[in-house]
Amino acid sequence: MPLLKTADVTKRFGGLVAVNGMSLEVNSGQVVALIGPNGAGKSTLINLLSGLYSPDEGEIHFNGDAIENRTPAQIALLGVGRTFQIPRVFHRLTVIDNVLVPVAHRAVISGDVRGRARELLELVDLGDKAGQYARELSGGQQKLLELARALMAEPSLVLMDEPFAGVHPQLRETLIHAIREVNRNQGTTFLIVSHEMPVVAAMCNWVYAMHLGSNFLEGTPTEVLEDERLVDIYLGEDEGVAS
Ligand SMILES: Nc1ncnc2c1ncn2[C@@H]1O[C@H](COP(=O)(O)OP(=O)(O)O)[C@@H](O)[C@H]1O
Ligand SMILES: [Mg+2]
């Protein structure tokens with residue numbers, strides 16, 4: 001049974017069909033890429049998977065549970081974490097308190113829990129920034145912080161929307177390293193929206209290419225990245241058809 005499965009998922013905004021009968025499967029332990037030109041529906045799909053939106057049609061199963069009508073909090077509790085295309089950290093909290101947000105409802109935050117938060121900050125190379133305010137971090141560092149925060153809840157699946165976009169190459173390496181470590185050591189599954197083809201080729205087991213809200217192509221990174229049809233959909237974007 002796949003860890004995550006969507007069947008014919010559709011999401012409309014008024015007359016615009018952002019996601020149009022999208023089907024995908026993600027197996028446990030994989031690092032899967034979701035690529036496709038701007039406007040293809042990638043972020044909308046991530047928002048559907050994490051419960052920010054409910055689909056107009058179709059089904060989403062996580063670990064065997066139907067989740068298409070659950071709230072983001074319920075889906076997070078089932079073991080789905082996420083990061084955002086534009087990082088959403090709490091600017092007025094310290095870096096370590098941001099990591100502790102997923103456990104903030106607990107009456108007491110034990111030393112062990114704080115220790116785990118510190119380990120996660122070390123993993124993303126922000127150990128020496130623990131006491132600073134999150135607003136003092138660069139955009140790239142905020143993306144790293146979001147990953148640490150998502151991992152604090154011990155998710156089995158992490159959804160990442162364009163984690164590498166606009167991130168300094170050195171921080172990008174840190175991010176890649178952290179994802180690999182967590183995938184290898186904890187078996188955590190990742191679904192990553194990215195346009196960085198070399199990164200996709202280097203770290204992903206499987207690639208889905210979305211176009212006009214649907215699954216246009218899928219396969220191993222080599223198969224998909226060498227497929228001429230992929231060039232066509234990205235060139236279509238340059239003609240200014242998509243907004
Ligand atoms: N909240 C929204 N309201 C209306 N239209 C939206 C909304 N979110 C996305 N869209 C539209 O849906 C389409 C897919 O957007 P999006 O999922 O952000 O694509 P991608 O992440 O692949 O660039 C685009 O045409 C976009 O303008
Ligand atoms: Mg997007």
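Which element gives the largest share of the shell around ligand 1? The legends below start there, and the model they describe is predicted.

**View 1. Here's what sits around ligand 1.** The answer is α1, which hands over three residues, the largest share of the shell. Both β2 (16-26) and α1 (42-49) chip in with at least two residues each. Look for Phe13, Ala18, Lys42, Ser43 and Thr44: of the 12 residues around ligand 1, these come nearest. Sorted by class, the shell has seven polar residues, four nonpolar ones and one charged one.

**View 2. Now for the sheet.** Follow the strands in the order β2-β1-β4-β5 and you've traced an open sheet of four strands with antiparallel pairing. At the edges are β2 and β5 (65-66), each pairing on one side only. Zoom in on β1 (residues 4-13) and β4 (residues 57-62): these antiparallel strands are joined by five bridges. To spot a bridge pair, find threonine 10 and then its partner in β4, glutamate 57.

**View 3. Here a helix meets the sheet.** You've already met α1 as a supplier of residues to the shell around ligand 1. In this view, α1 lies across β1, β2 and β4. Compared with β2, α1 runs at about 65 degrees.

**View 4. Finally, two helices cross.** Helix α4 (residues 111-123) and helix α5 (residues 139-152) have axes that come within 9 Å and cross at roughly 145 degrees. That crossing is right-handed. On the α4 side you'll find Ala117, Leu120, Leu121 and Leu123, which meet Ala148, Leu151 and Met152 of α5. What classes do the residues of this contact fall into? Seven are nonpolar, with no polar and no charged residues.

Note on methods
Residues numbered from 1 in each chain as written. Chains lettered and ligands numbered in written order. Predicted model: local features only at pLDDT ≥ 70, side-chain atom pairs only at ≥ 80, totals over all residues. Near = placed C-beta within 6 Å. Nonpolar A, V, L, I, M, F, W, Y, C, P; charged D, E, K, R; others polar. Pairing = 2+ DSSP bridges. Contact = placed C-beta atoms within 7 Å. Axes fitted to C-alpha atoms, helices over the stretch in contact; angles between N-to-C directions. Left-handed = near helix turned anticlockwise from the far one by under 90°.
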